[in-house]
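Trainee: I'm new to this one, so could we walk through it together, one question at a time?

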Amino acid sequence: MVQASKKLSPKPVRRLKRLSARERWLAVLERFSRGLDEPQSAQIWAPALERASRARIVEIQEEKLRALMPFLYEESAFYRERMRAAKLTPSDIRSIGDLPKFPVVTKESMATNVAAYPPWGTYTTVDQKTWRSRGWMVFSTSGTTTTPRSFRYTKVDARLWAITSARALYAMGLRAGDSALTCTNYNPHVFFWSLHYALNLMKVAIVPGGVPTERRLAMIDLYRPTVLVATPSYALHLAVALRNAGSDPRRSSIRKVICGGEAASGIPSTRRRIEEAWDAELHDVYGCTEAVPAGWAFTCRQGLSATPVSTHVQEDLQIWELVDPQTLEPVGPGQRGLTVVTNLNSEGSPQLRFLVGDFTSFDTRRCACGRSFARAVGGFMGRADDLLNIRGLKLFPSAIEEIVRGIDSLDDEFQIVIETEGVLDAFTIVTEARTSMDVDAVVEVTRRLEAEVIRRCELRPRIRIEAPGTLPRTEFKARRVIDRRVGL
Ligand SMILES: [Zn+2]
């Protein structure tokens, strides 16, 4: 009898595939954005995240941080070198408390890096293979004399940009059925693009306003958009143009003005001028090209009706810290400092401890709108980079903006001109009359402006009042400081 040899079928071997750092990071991003392509409640887009307890927010941040550190270490030579220089491994940074071990990253360090490794630098996490397979868009800082700092984003980012920016617009009260005139051209500014994709996701129709001002005026009349998207300076300029064309912006279809690119709600006189010009509610967003291109900080309706106003940062998407401007060490709870951000919301550019550099303080108490995200008290007034040193005194251009726009007989635009005179700084404020003025009126407004600047800024300026319409108007960031000092 032949015994059949018993053939053993090979035992299935379950190989546990070891996920790469990128795969683990993408899995975390996917998990925290799953199901959020549409709003989850009538008032708040993602209530489980936006209303989360402080303990839960920290838990989410730290879970993301633990996946981010190995990803940065493996995919970015810039971060790998900086970790090694600080004698850190990815596992040394597992909690919020560990973050200060890693020195803050500045724009200058990115600029040096991209000069050494053009055109992309090594501070992002998109390699050629990823770029070819799922590249989405490039954004860059302007660089006419130096290599621009460039940021490549992927299709994964495209979805995250839409979802997380929609949350901010939803908090401002935008809903499906609104329509938005976007005053922009096809430019590489992150604010407009994240807004564009968020509006698409929200089913808010877009009137693309990449046309001259006259055609934009016609579009408002013809298409009756409910939302205007522009820089604050341009929102003011468009209102004047509409009045000059014989229409009253207050009687137009615009009900909300959403601003980006420059401070708006944090400067009370600018906010008042825009709201009065359009008879509309002003909202604004806050971010930066490098680390918060989407998922921006935003004004909620309740935060706008408080004094001072406040701006929510989206804490499940970013870790915000405030540091001392001199030492760059963290300041204590409730104290003012410069903003530093870690971006937990990106495949392409998840920066670690990037120095954004605006002065503010955070209030972590729950807002009247129900959101638990911390609020920047007073909004944002300007970056430390913009801070002027005139005759040894520090001055934010936004302080002059607040004063000029608080005087009704002056128009919206102004310039600050600083020159060397002997060994001193000559400091001139150039403004425009709103309508033609006689000599007595010019003398009176000059005195008033001078007195206000001395009182609030402790600097004596020269004042020049020009005829209406003399100063340039721009669509994007206005160049209001002209520094001609020798040696600068
Ligand atoms: Zn709020």
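Mentor: Sure, and keep in mind that the model is predicted. Let's start where the two domains meet: 17 residues of domain 1 are in contact with 14 residues of domain 2.

Trainee: Which elements give two or more residues to the side of domain 1 that touches domain 2?
Mentor: Look at the side of domain 1 that faces its partner, where by class there are seven nonpolar, eight polar and two charged residues. The elements giving two or more residues to that side are helix 10 (232-244) and helix 11 (268-278).

Trainee: And how far apart are the centres of domain 1 and domain 2?
Mentor: First find the bounds: the domain assignment puts domain 1 at 20-383 and domain 2 at 388-483. Take the centre of each over C-alpha atoms, and the separation comes to 31 Å.

Trainee: Back to those helices. At what angle do helix 10 and helix 11 pack?
Mentor: Two packed helices are described by the angle between their axes and the distance between the axes. Here the axes of helix 10 and helix 11 are 10 Å apart, and the crossing is left-handed. The packing angle is about 35 degrees.

Trainee: Which residues of helix 11 make the contact with helix 10?
Mentor: The residues of this contact divide into seven nonpolar, one polar and one charged. Helix 10 brings Pro 232, Ala 235, Leu 236 and Ala 239. From helix 11 come Thr 270, Arg 273, Ile 274, Ala 277 and Trp 278.

Trainee: Let's zoom in on one residue. Is Phe 362 buried or exposed?
Mentor: Phe 362 lies in strand 13, residues 362-363. The cut-off for burial is 20 or more other C-beta atoms within 10 Å. Phe 362 has 21 C-beta neighbours inside 10 Å, so it counts as buried.

Trainee: Leaving aside its neighbours within four places in sequence, which residues is Phe 362 in contact with?
Mentor: To be in contact, C-beta atoms have to lie within 7 Å. With the sequence neighbours set aside, Phe 362 has these partners: Trp 320, Leu 322, Ala 374, Arg 375 and Ala 376.

Trainee: Last one, for the whole chain: what is its radius of gyration?
Mentor: The chain has 14 helices and 20 strands. For its 488 residues the globule rule gives 23 Å, and the chain's own value is close to that, so it is as compact as a globular protein of that length. That radius of gyration is 25 Å.

Conventions: Residues numbered from 1 in each chain as written. Predicted model: local features only at pLDDT ≥ 70, side-chain atom pairs only at ≥ 80, totals over all residues. Domains from an automatic or database assignment. Helix = DSSP H or I, 4+ residues; strand = E, 2+ residues; numbered from the N terminus. Nonpolar A, V, L, I, M, F, W, Y, C, P; charged D, E, K, R; others polar. Rg over C-alpha atoms; globule rule 2.2 N^0.38 Å. Axes fitted to C-alpha atoms, helices over the stretch in contact; angles between N-to-C directions. Left-handed = near helix turned anticlockwise from the far one by under 90°. Buried ≥ 20, exposed ≤ 12 C-beta atoms within 10 Å, placed from the backbone.
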